[in-house]
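This report walks through selected local features of one model. Strands come before helices, and backbone outliers come last.

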Amino acid sequence: MKIAMIGTGYVGLVSGVCFSDFGHEVVCVDKNPAKIEMLEGGRVPIYEPGLDELMVKNVEGGRLSFTTDLKAAVAGADAVFIAVGTPTRRGDGHADLTYVMAAAEEIANAMTGYAVIVTKSTVPVGTNRQVAEVVRKTRPDIEFDVASNPEFLREGAAIDDFMRPDRVVVGTTSEKAEAVMGEIYRPLFLREFPILYTDLETAEMIKYAANAFLATKITFINEIARLCEKTGADIKQVSRGMGLDGRIGNKFLHAGPGYGGSCFPKDTAALARIGQDYSCPMEIVETVIKVNDDIKRRMIEKVVDLCGGSVNGKTIAVYGVTFKPNTDDMREAPALTIVPALVGGGAKVRVVDPQGKREGEALLPGVSWMDDAYAAAEKADCVVILTEWNEFRALDLNKLAATMETARMADLRNIYAEKDVRKAGFEDYVAVGR
């Protein structure tokens, strides 16, 4: 199959590379010449483990290419995927569909024959029908179908998620389009991964419902963690006891400083807004959004209390600022709430993150970036673990404590056991839900 992928952001690039690894001919399109030049040079503009090697392999195999020429990429394509950004629209919480509709119009003008126009971007219910209207209005002469194919990729594990998915969701009302999508995903079908065919609205809703539920699960366990702190219960044992129930499962039950990233904040806000538009309030989702914001602010209080009620004049080492490990993504990361509050409170903040500096330098002014966790802790009054990178899971706690001015730790990812931290020489330790 010949595929055009419009957009080389996280979703578009990962999807395009993986489709080419299936054996399809894929052309990835982006308006940014510098980005295309980088990709053609074998360099990946995002951090995703294994993506650079897989990209180079398929470029060398002649299955994958990059261009700024949308018209040439779309001509003769069997399927054209829209994978452009849908950021939260300023002021009202809606997903901004400007880029999606602009792409649809450009695709329509570039088509030379029948193709399936597939929306990979996360879009509100009804968007694919709007895409069809734009294409039909632009090119009433052209034959086409639309399909919804939402992505379910975890940053840091995206390639494995694409190649070994829990499910593939395809929304379409056309048998012809279903046949094209079936051929595109044939390698997964042959390996018996579930492919769910639905109508357009159902596919669009599945994406929002799934992300909102996972965000709810994270927020629920964080609320239970707060109650554990009041009652003396241990959230790690509570989470384990809950997760062993097959009806609940153990994923997304790890207490911490709140969810962030490119999907959960944006998609919960959009779903809440969709509910308002249809006079069907998403009250649970709206509460999740509020509670998650409260959780981030509560982490600030933990660090301030650990430092004796004020961080003014204190030196604080922060380990990890990306919203999760194995990514360079800073979008809506808890660090963007917590670190500025520490700086604003008069603290000297040193940040260590294996991949966070590229985006973080602009987002976190007033901090010092360091490469070594022990150097960052030298003469520090407190260390704060915000992101559970592997580099921070096996620190030499004795060495860490010995280098600090005052050995205190705010373990906001519950990596360590308090008894081990105190045994190593730390005079104070706080975690989440313990």
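Helices (H or I, at least four residues) and strands (E, at least two) are DSSP runs, numbered from the N terminus. The model is predicted: local features need pLDDT of at least 70, side-chain atom pairs count only at pLDDT 80 or more, and totals for chains, interfaces and linings use all residues. Residues are numbered from 1 along each chain as its sequence is written, and side-chain values use heavy atoms, with hydrogens and water left out.

## Strand β1 and its partners

Strand β1 spans residues 2-6, and five of its five residues are buried. Buried means under 20% relative accessible area, exposed over 50%, and partly exposed in between (1.4 Å probe, protein chains only). In a regular strand the side chains alternate between the two faces of the sheet. Here both faces are covered: Lys2, Ala4 and Ile6 are buried on one side, Ile3 and Met5 on the other.

Two strands count as paired if DSSP finds at least two bridges between them. β1 pairs in the parallel sense with strand β2 (residues 25-29), over five bridges. In that pairing, isoleucine 6 stands opposite valine 29 of β2. β1 also pairs with strand β4 (residues 79-82), again in the parallel sense, over four bridges. There, isoleucine 3 stands opposite alanine 79 of β4.

β1, helix α1 (residues 10-21) and β2 form a right-handed β-α-β unit. A crossover is right-handed if, with the strands pointing away from the viewer, the path from the first strand over the helix to the second runs clockwise.

Serine 65 sits in strand β3 (residues 64-67). Serine 65 is in contact with Val26, Val27 and Cys28, leaving aside neighbours within four places in sequence. Contact means heavy atoms within 4.5 Å. Serine 65 and alanine 407 are 342 residues apart in sequence and 52 Å apart in space, C-alpha to C-alpha.

## A buried asparagine

Asparagine 128 belongs to helix α6 (residues 127-138). Asparagine 128 is buried, with a relative accessible area of 0%. Its side chain makes a polar contact with the side chain of threonine 119, at 2.8 Å. A polar contact is a pair of N or O atoms within 3.5 Å; within protein, one must be able to donate a hydrogen and the other to accept it, and residues adjacent in sequence count only if both atoms are side-chain atoms. Not counting residues up to four places away in sequence, asparagine 128 touches Thr119, Val123, Val146, Ala147, Ser148, Leu200 and Glu204.

## Two one-sided helices

An α-helix has 3.6 residues a turn, so residues three or four places apart point the same way.

Helix α11 covers residues 235-243, and Ile235, Ser239, Met242 and Gly243 are buried in it. Seen down the axis of α11, these buried residues fall within an arc of 95°, so they line one face. The arc is that of the directions from the helix axis to the C-beta atoms. The face of α11 turned away from the buried side carries exposed Gln237 and Arg240. Helix α10 (200-231) is among what covers the buried residues of α11. Aspartate 234 caps the N-terminal end of α11, with a side-chain oxygen 2.9 Å from the backbone nitrogen of lysine 236.

In helix α14 (residues 335-344), Ala335, Ile338, Val339 and Leu342 are buried. They cover an arc of only 90° around the axis, which puts them on the same side of α14. The buried residues of α14 pack against α13 (283-306), β9 (315-319) and β10 (348-352).

A UniProt annotation from an unreviewed entry, "domain: UDP-glucose/GDP-mannose dehydrogenase C-terminal", covers residues 317-418. UniProt positions are given in the numbering used here, feature names are shortened, and annotations may be inferred rather than shown by experiment. The span 317-418 is 29% helix and 19% strand, and its end C-alpha atoms lie 19 Å apart.

## Positive phi

Most residues other than glycine have a negative phi, and most peptide bonds are trans. Just after α14, glycine 346 takes a positive phi of about 100°. Two residues that are not glycine also have a positive phi.

| Residue | Phi | Loop | Relative accessible area |
|---|---|---|---|
| Phenylalanine 252 | about 65° | between α11 and α12 (264-277) | 27%, partly exposed |
| Serine 279 | about 55° | between α12 and α13 | 68%, exposed |
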